[in-house]
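This report describes how a ligand is held in a protein model. The sequence and structure come first, and the contacts follow.

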Amino acid sequence: MHLSRRGLLYGSAGVAAVSLAGCGAGEEPAKLTGYTGIAMPTTTSTRWVVEGADLEERLKGYGYKTILEYGEDDIPTQVEQIQSMIDKNVEFLIVGAIGNTSLGEVLSKAKNKGITVISYDRLILETPDVDYYASFDNYQVGVLQAKHIIAKLGIEENSTQTFNVELFSGSLDDNNSQYFFLGGLDTLESYIYQGSIVIPSGQTEQEPTATERWDRKIARERMTALLDEFYKDEPLHAVLSPYDGISRGVVEALVEADYEPGSDDFPVVTGQDAEPLSLKAIKNGTGQSETVFKDTRLLAEVAAKMVKSIVDGSSPEVNDLGTYDNGFKFVPSYLLSPVDVTAENYEQEVVDSGYVTEEAIDDATPDEG
Ligand code: GAL
């Protein structure tokens with residue numbers, strides 16, 4: 001046990017600590033409960049399920065207690081869950097937001113109680129009451145996806161060949177979506193100008209390409225509509241997809257339209273999150289050919305260590321102070337690097353590193369509905 005800079009005690013003996021980060025005039029210090037509230041967005045995607053458990057384990061390892069809740073993609077539910085965590089006097093909140101601008105009110109209540117708020121993976125906007133941001137280089141995610149398309153199709157600078165590509169983006173109310181999209185579009189831009197990449201639908205903005213709540217079925221519907229309208233007599237060569245769930249919806253629509261997975265004219269489809277079912281398609285050549293792996297173990301470690309640092313009386317480590325403006329301030333951030341994963345390196349990156357087992361990939365069951 002040692003005395004922290006903030007003059008409070010913390011130790012493995014279970015003595016509760018308090019965070020005063022950002023605790024200003026009129027704010028009560030958080031009560032000494034030793035609790036961290038973890039508000040995750042949804043259980044429909046494997047990553048958040050794994051991360052919730054991982055965060056709990058790490059925090060418990062530091063002698064902290066946790067309350068973990070999933071908002072199931074419903075904003076009012078997440079607001080209620082956070083409110084109830086505040087009522088239970090948590091000292092920290094780790095929040096994977098559902099709606100990026102929907103938490104201002106509840107977080108101001110958290111701030112009034114001196115609770116430290118860590119925005120987890122997705123930046124919470126339009127509130128001064130976010131203390132830290134733990135995430136990945138989200139722009140780079142889009143860059144990797146677009147580079148995969150260019151490499152896989154073998155598009156050369158100034159090529160006279162034309163490739164038809166369609167773009168998908170994520171949920172409009174998730175701040176990450178614009179970064180993924182921008183990284184992808186910036187990387188494809190010179191090919192689009194020069195004419196080797198064409199987007200027959202003309203949908204090149206975030207809004208028409210968006211996929212509400214990252215929903216696979218919504219992506220499937222949009223892909224079907226695009227195929228019906230623009231690809232009756234034209235081949236589709238690639239789809240820039242920001243997330244594995246969306247990618248699988250896109251692939252379902254392609255299969256329904258008689259594109260044959262594994263054949264030479266099956267479009268290149270990208271993804272993100274290294275979900276087992278998507279890794280299975282990448283491994284077997286039966287759908288998307290890429291995913292961007294964000295090692296969420298490292299992200300959970302960063303967020304848990306932020307808590308520990310504050311408890312220990314020091315400032316959390318950050319590596320970016322000038323990228324993520326949430327409308328009130330540049331939120332001090334720790335950003336990790338995403339990794340491009342294909343059939344060539346999935347084993348090394350996600351299996352050998354212990355992120356997912358080969359069995360989990362092989363046994364992954366198809367999406368329902
Ligand atoms: C984003 C996240 C992605 C993906 C997506 C859908 O915010 O950064 O990795 O998980 O949500 O859940």
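A polar contact is a pair of N or O atoms within 3.5 Å. The model is predicted. By that cut-off, an oxygen atom of the ligand makes a polar contact with the side chain of D273, at 2.6 Å. The table lists this pair with two others of the same kind.

| Side chain | Ligand atom | Distance |
|---|---|---|
| W48 | oxygen | 3.1 Å |
| D273 | oxygen | 2.6 Å |
| K294 | oxygen | 2.9 Å |

On its own, the ligand has 300 Å² of accessible area, and the protein covers 98% of this. The space that the ligand takes is the largest pocket. Two elements each give two or more residues to the shell around the ligand: helix 1 (46–61) and helix 5 (175–194).

The residues around the ligand include R47, D121, R122, D174, N176, F180, W214, Y243 and Q272. By type, the shell divides into 6 charged, 4 nonpolar and 2 polar residues.

Where does the ligand lie with respect to domain 1 and domain 2? Domain 1 (5–130 + 295–337) and domain 2 (138–293 + 341–363) both give residues to the shell, so the ligand lies between them.

Key
Residues numbered from 1 in each chain as written. Predicted model: local features only at pLDDT ≥ 70, side-chain atom pairs only at ≥ 80, totals over all residues. Heavy atoms only, no water. Near = heavy atom within 4 Å. Polar contact = N/O pair within 3.5 Å; in protein donor to acceptor, adjacent residues only side chain to side chain. Areas by Shrake-Rupley, 256 points an atom, 1.4 Å probe, with all protein chains shown as cover. 1 Å grid on protein atoms, 1.4 Å probe; cavity = no way out; pocket = protein on both sides within 12 Å on 5 of 7 lines; lining within 4 Å. Sits in = over half its atoms within 2 Å of the grid points. Helix = DSSP H or I, 4+ residues; strand = E, 2+ residues; numbered from the N terminus. Nonpolar A, V, L, I, M, F, W, Y, C, P; charged D, E, K, R; others polar. Domains from an automatic or database assignment.
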